[in-house]
Amino acid sequence: MLRIEGQVDEPLGLTDVDLAKLPEEYQVADVRQHGAKRPGTAIRLKPVLELAGVSPKATHLGLHAERDNFHASIPLAPILDRALIIYQSDGDALSVDAGGPFRFWIPDHAACQAAEIDECANVKFIDRIELTVGKGFDNRPKDDDEHARLHESS
Ligand SMILES: Nc1nc2c(c(=O)[nH]1)N[C@H]1C(S)=C(S)[C@@H](COP(=O)(O)O)O[C@H]1N2
Ligand SMILES: [Mo]
């Protein structure tokens, strides 16, 4: 289940099956078209946020992965129209090997450490998306050494 909460009218919990039922126009059949290495079906972020009704006060999007305690908080405006949530592969729930059950995907992200919206923000294993006023909790690596250590450990 993927929870959408924080600065929203109505907090939601969505399964991959719920996301698959959203209109075809919001679906991306294969995220490899958008630079992903592994196959996967995705849904556009914006209609998912619209289901929850995002408060106009919200400025940042928190991407929370309890599984490995990895969290990112990124500005909402620059990614609202392009970010995707990868949620299935071949009609099945996305496997952990592919970053599932849900993986955030920004098609034209910058390299890690290059900007706030970077490859590190393509958070795997997300269970919660949190809208916040101002930047929220973020424990992405802060420099090249931390980033290198993260890659050694995973
Ligand atoms: N939950 C979680 N998401 C994560 C990371 C992580 O350690 N945990 N690493 C990030 C970094 S630094 C990179 S480069 C990419 C790696 O994604 P990949 O495993 O698909 O290559 O995932 C990003 N998302
Ligand atoms: Mo990375």
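How many nonpolar, polar and charged residues are there, by class, in the lining of the largest pocket? The exercises below work towards this and related points. The model is predicted, with local features needing pLDDT of at least 70, side-chain atom pairs counting only at pLDDT 80 or more, and totals for chains, interfaces and linings using all residues. Residues are numbered from 1 along each chain as its sequence is written, chains are lettered from A and ligands numbered from 1 in the order in which they are written, and side-chain values use heavy atoms, with hydrogens and water left out.

**Exercise 1. Describe the largest pocket and its lining.**

Step 1. A pocket is an open set of points on a 1 Å grid over the protein atoms alone, where a 1.4 Å probe fits and protein lies on both sides within 12 Å along at least five of seven lines; lining residues have an atom within 4 Å of a point. The largest pocket holds about 510 Å³ of space, a volume being the space filled by probe spheres set on the points.

Step 2. Its lining has 19 residues, and R103, K124, L150, H151 and S154 are those nearest the centre. Two elements, β9 (103-105) and α3, each give two or more residues to this lining, and α3 gives the most, with four.

Step 3. By class, eight residues of the lining are nonpolar, five are polar and six are charged, where Ala, Val, Leu, Ile, Met, Phe, Trp, Tyr, Cys and Pro count as nonpolar, Asp, Glu, Lys and Arg as charged, and the others, Gly among them, as polar.

**Exercise 2. Describe how the protein surrounds ligand 1.**

Step 1. The space taken by ligand 1 is the largest pocket, and a molecule sits in a pocket if more than half of its atoms lie within 2 Å of its grid points.

Step 2. Ligand 1 is surrounded by 16 residues, the closest being K37, R38, D68, R103 and K124, with a residue counted if one of its heavy atoms lies within 4 Å.

Step 3. The side chain of D68 has an N or O atom 2.7 Å from a nitrogen atom of ligand 1, while an oxygen atom of ligand 1 is 2.8 Å from a polar side-chain atom of R103. For K124, a side-chain N or O atom is 2.6 Å from an oxygen atom of ligand 1.

**Exercise 3. Locate a cis peptide bond.**

The bond between G100 and P101 is cis, with omega about 10°, and P101 is placed in the loop between β8 (92-93) and β9; strands are DSSP runs (E, at least two residues), and helices are runs of H or I with at least four.

Terms used. Polar contact = N/O pair within 3.5 Å; in protein donor to acceptor, adjacent residues only side chain to side chain.
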